[in-house]
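User: Hey, I've got a protein model open and I'm a bit lost. Can you walk me through it?

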Amino acid sequence: MQLELRHLQAVCRIAEAGSLGGAARRLGVSQPALSAQLRRIERVTGGELFFRGRSGVEPTALGQFVLAKARRVLSEMDALGAEARAIAAGSPLRLGCIMLVLLDGLLAQTDLSMSGREIAVDLEDSVTVLARMLGAGRYDAIVYGEVNDHEVPLPEGTLARTLIPKEPFCIRLSARHPLADLDRIELADLAGESWMTLVEDDDGGPEALVTACAKAGFSPSLRYRITDRKMQHDLIAAGRAVALTQPTAPPGEGTVMRPLVGTPIMGRIRLAWSRAALSAGQGERVFGAAARAYLANVDNNPFHKEWWDAHPEVHPALD
């Protein structure tokens, strides 16, 4: 028997799942069939690839060697398929994004980095929808956010990189608000406010806000759930609501943005792409484009620029 790509995929799935049963479910085969296949693979490689114990399986020294080679081969095959499809079909690169502040810059920067390939960027309101559409092949790559400890589950066959490991969320409030003249705002001072939140906000933001407010001694009134940004800003400018906001968001007429004392709510920005749609090199170029789009907005608010300059460890690495 000669090793084929399906054998390499089976070895990788076993390692990723940590058990034969879990790998069998991912591969859509029975556990006895996968066990038999693994024995045939081990006969070709000349020894056991996994230790078997009560808690599952772990690669042996030989298994680690085979895994490293298998992952390299599979990565190259993914790259071959992705680049060949792009050349043959001339199809546009399809990007999904949940952050309006990055949308225009992401389109422009990606267009520059992809050597003339047509780019399509769409805005979504839900991280869950973004991930699902990535798995279904509707998007080739997505840029999304996570708040505090929340982690967005991604579909199989995707790779992900953290673009910005942390950024401190701030508060948008009316320019006429009594707290608007302060440089920083204590979260506890917003106890009596009505809060704005998105209709679909599944990045961990609402949970992080509720938790932070509880620590500050109150429960926030999440009164408004509006997707239209202009309507949000109009309500805030009128003094009817306040909102948790990314620190790179642009100023809005009649509103101001202020950092929170102690930075109780932190976000991060990630990029994920389909291995079947983008090669590793293409993924790196999209990463660079997204990073440059973010950097173009760092100066939107002086307080964030000050924080950014004081935290070089969160800056994206660009060639």
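Analyst: Sure, let's go through the chain, its sheet and one residue in turn. It's a predicted model, where local features need pLDDT of at least 70, side-chain atom pairs count only at pLDDT 80 or more, and totals for chains, interfaces and linings use all residues. Residues are numbered from 1 along each chain as its sequence is written, and side-chain values use heavy atoms, with hydrogens and water left out.

User: Cool. How many helices and strands does the protein chain have?

Analyst: There are 10 helices and 12 strands. Both are DSSP runs numbered from the N terminus: helices are H or I with at least four residues, strands are E with at least two.

User: And what share of the residues is buried?

Analyst: Buried residues are 48% of the 319 in the protein chain. Buried means under 20% relative accessible area, exposed over 50%, and partly exposed in between, using a 1.4 Å probe and protein chains only.

User: What's the strand order in the open sheet of 5 strands?

Analyst: The order is 4-3-5-12-6, and the pairing is mixed. Two strands pair if DSSP finds at least two bridges between them. At the edges sit strand 4 (119-123) and strand 6 (158-168), each pairing on one side only.

User: Which way do strand 3 and strand 5 run, parallel or antiparallel?

Analyst: Parallel: 3 bridges link strand 3 (residues 93-97) with strand 5 (residues 141-147). Cys-97 is opposite Val-143 of strand 5.

User: Which helix packs on that sheet?

Analyst: Helix 10 (residues 302-309) does, touching strand 6 and strand 12 (266-274). Its direction makes about 110° with that of strand 6. Such angles run from 0 to 180 degrees between N-to-C directions, with axes fitted to C-alpha atoms, for helices over the stretch in contact.

User: Switching topics, what does strand 10 pair with?

Analyst: Strand 7 (residues 170-174) pairs with strand 10 (residues 242-245) in the antiparallel sense over 3 bridges, and Arg-172 has Ala-243 as its bridge partner there. Strand 8 (residues 194-197) runs parallel to strand 10, joined by 2 bridges.

User: Is Thr-245 buried or exposed?

Analyst: Thr-245, which lies in strand 10, is buried, with a relative accessible area of 10%.

User: What does Thr-245 touch?

Analyst: Not counting residues up to four places away in sequence, Thr-245 touches Phe-169, Cys-170, Arg-172 and Met-257. Contact here means heavy atoms within 4.5 Å. The side chain of Thr-245 also reaches the backbone oxygen of Ala-243 at 3.3 Å.

How values were computed
Polar contact = N/O pair within 3.5 Å; in protein donor to acceptor, adjacent residues only side chain to side chain.
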